[in-house]
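Subject: Structure handover

Hi,

Here is the structure I promised to pass on. Please open it next to this email, and then read on for what turned up.

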Amino acid sequence: MSSDIGNRIKLSVFGESHGEAIGCVIDGLPAGVTLDMEKINLDMQRRAPGRDTTATPRKEADVPKIFSGVLDGKTTGAPLAMIIENTNTKSSDYSDMTSIPRPSHSDYPAYVKYGGNNDIRGGGHFSGRLTAPLVFAGAVAKQVLAEKGIFVGAHVTEIGGVCDGIYDPNSISEELIKRFSSQSFPTFSQKSKEEMIKKIEAARAEGDSLGGEIECAVIGLPAGIGGNMFSTVEGELSRILFGIPAVKGVEFGAGFAFAKMRGSDANDGYGISDGNIVTLSNHNGGVLGGITTGAPLVFRVAIKPTPSISKPQKSVNLKTMEETTLEIKGRHDPCIVPRAVPVVEAAAAFCLLDILNG
């Protein structure tokens, strides 16, 4: 079992949800980058559990401890190693799951692949808790990208059927990107956010969970980044985005809506602005032929409902090979969508930094 990604800038994530710590190693970062730990900690807290009723009550400080690769606040060029201690675990809540897999979770396929030797507590290495090191890596990548005038920001577009606004794909301001990337539950509309929270609360009270959708944009990317066929920007981004637990769909620009459009509506015409070639619309989300066009890069991800719910569910006992009913105990998110927003930003930032250095 390995969890690594990247070509020129490589990320390796390690640890389990209920182990002593989780962490990561980042190889290939440029030397001399000043790290703003306040900004890094802001992203860590946006993802951290136990902050409000929309999330699991498990509380973790999620303070990253850097062991190498940084000196006097600047990257040295050596591998950057970091850990986050796990301090609030209740492994006894998972005693039944060693033999009874949770529906829609990794429990059963992981049991088969690793012969039952995988750590089931809190989901082990399959847990969403492993996105914390990814957020750290992405927060570092964001700072490197910002020096190049590239900014990443995501927001919640839908939870449980409650919809919010979406980006104007051809005109996204740095101010809006920065506003979204500094909030724990970013939406265009406060009213939509309040309705989403009510939906989450209702699901939690019923022992159930909700899914949703997140939209992410990247501005400042120059044209000509990426490659065709098997080296596309969409392909590289999708690979890391599908590494986020619960992501079950990714679309760029108009995405699946292209299926209902004519070419005359879908095509992005060209024009000239301030001596530069620009697209007059951005239905393709800033990517053509797998290569950036210079327009904002825009994509959306679908997040499935949290599998761990307290409602009775049909399962099987792997030891007795009998059908049974599972009632999950413990602390679980009724909706992980808000906490997934900084994870999506981080995945995009890290991936694009790697592509830019390719």
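Let me start with a question for you: is Glu215 buried or exposed? Keep your guess in mind while I go through the rest; the answer comes with the salt bridges below.

One thing to say early is that this is a predicted model.

**The chain as a whole**

The protein chain folds into eight helices and 18 strands. Its radius of gyration is 21 Å, close to the 21 Å that the globule rule gives for 358 residues, so the chain is as compact as a globular protein of that length. If you lay the C-alpha trace along its principal axes, the spans are about 70 × 50 × 40 Å.

Half-hidden is a fair way to picture the residues: 50% of the 358 count as buried. The accessible surface amounts to about 16600 Å², and carbon and sulfur atoms contribute 51% of that area. As for contacts with a separation of 6 or more, 71% are between residues 24 or more positions apart.

On the charge side, there are 36 positive and 41 negative charges, and their mean positions lie 3 Å apart.

**Salt bridges**

The structure holds 14 salt bridges. Here are some that I looked at in detail.

Two of them sit within helices. In helix α4, which covers residues 174-180, Glu174 and Lys178 are four residues apart, so about one helical turn separates them. Their side chains meet in a salt bridge with an N to O distance of 2.7 Å. Both ends have some access to the outside: Glu174 is partly exposed at a relative accessible area of 35%, and Lys178 is partly exposed at 42%.

Helix α5, residues 190-205, has a pair of its own. Glu201 and Arg204 are three residues apart there, again with about one helical turn between them. The closest N and O atoms of this salt bridge are 2.9 Å apart. Glu201 counts as partly exposed with 22% relative accessibility, and Arg204 is partly exposed too, with 42%.

Now back to the opening question. Glu215 forms a salt bridge with Arg300, at 3.1 Å from N to O. This pair links distant parts of the chain, 85 residues apart: Arg300 belongs to strand β16 (residues 297-303) and Glu215 to strand β10 (residues 212-219). Arg300 counts as buried, with 11% relative accessibility. And Glu215 is buried as well, with a relative accessible area of 1%. The cut-off for buried is under 20%, so both Arg300 at 11% and Glu215 at 1% fall on that side of it.

There is also a network to look at: salt bridges that share partners join Asp43, Arg46, Lys142 and Glu345.

**A loop residue**

Last, have a look at Ser184, in the loop between α4 and α5. Ser184 counts as partly exposed, with 44% relative accessibility. What does Ser184 contact, leaving aside its neighbours within four places in sequence? The answer is Arg46 and Pro338, and you will recognise Arg46 from the salt-bridge network above. Ser184 and Glu194 are 10 residues apart in sequence, and their C-alpha atoms are 14 Å apart in space.

I hope this gives you a good way in. Do write back with any questions.

Best wishes

Definitions and conventions:
Residues are numbered from 1 along each chain as its sequence is written. This is a predicted model: local features need pLDDT of at least 70, side-chain atom pairs count only at pLDDT 80 or more; totals for chains, interfaces and linings use all residues. Side-chain values use heavy atoms; hydrogens and water are left out. Helices (H or I, at least four residues) and strands (E, at least two) are DSSP runs, numbered from the N terminus. The radius of gyration is taken over C-alpha atoms; the globule rule is 2.2 Å times the number of residues to the power 0.38. Buried means under 20% relative accessible area, exposed over 50%, partly exposed in between (1.4 Å probe, protein chains only). Contact means heavy atoms within 4.5 Å. Accessible areas come from the Shrake-Rupley method with a 1.4 Å probe; for residues, only the protein chains shown count as cover. Lys and Arg count as positive and Asp and Glu as negative; His and the chain ends are not counted. The place of a charge is taken as NZ of Lys, CZ of Arg, CG of Asp or CD of Glu. A salt bridge is a side-chain nitrogen of Lys or Arg within 4 Å of a carboxyl oxygen of Asp or Glu.
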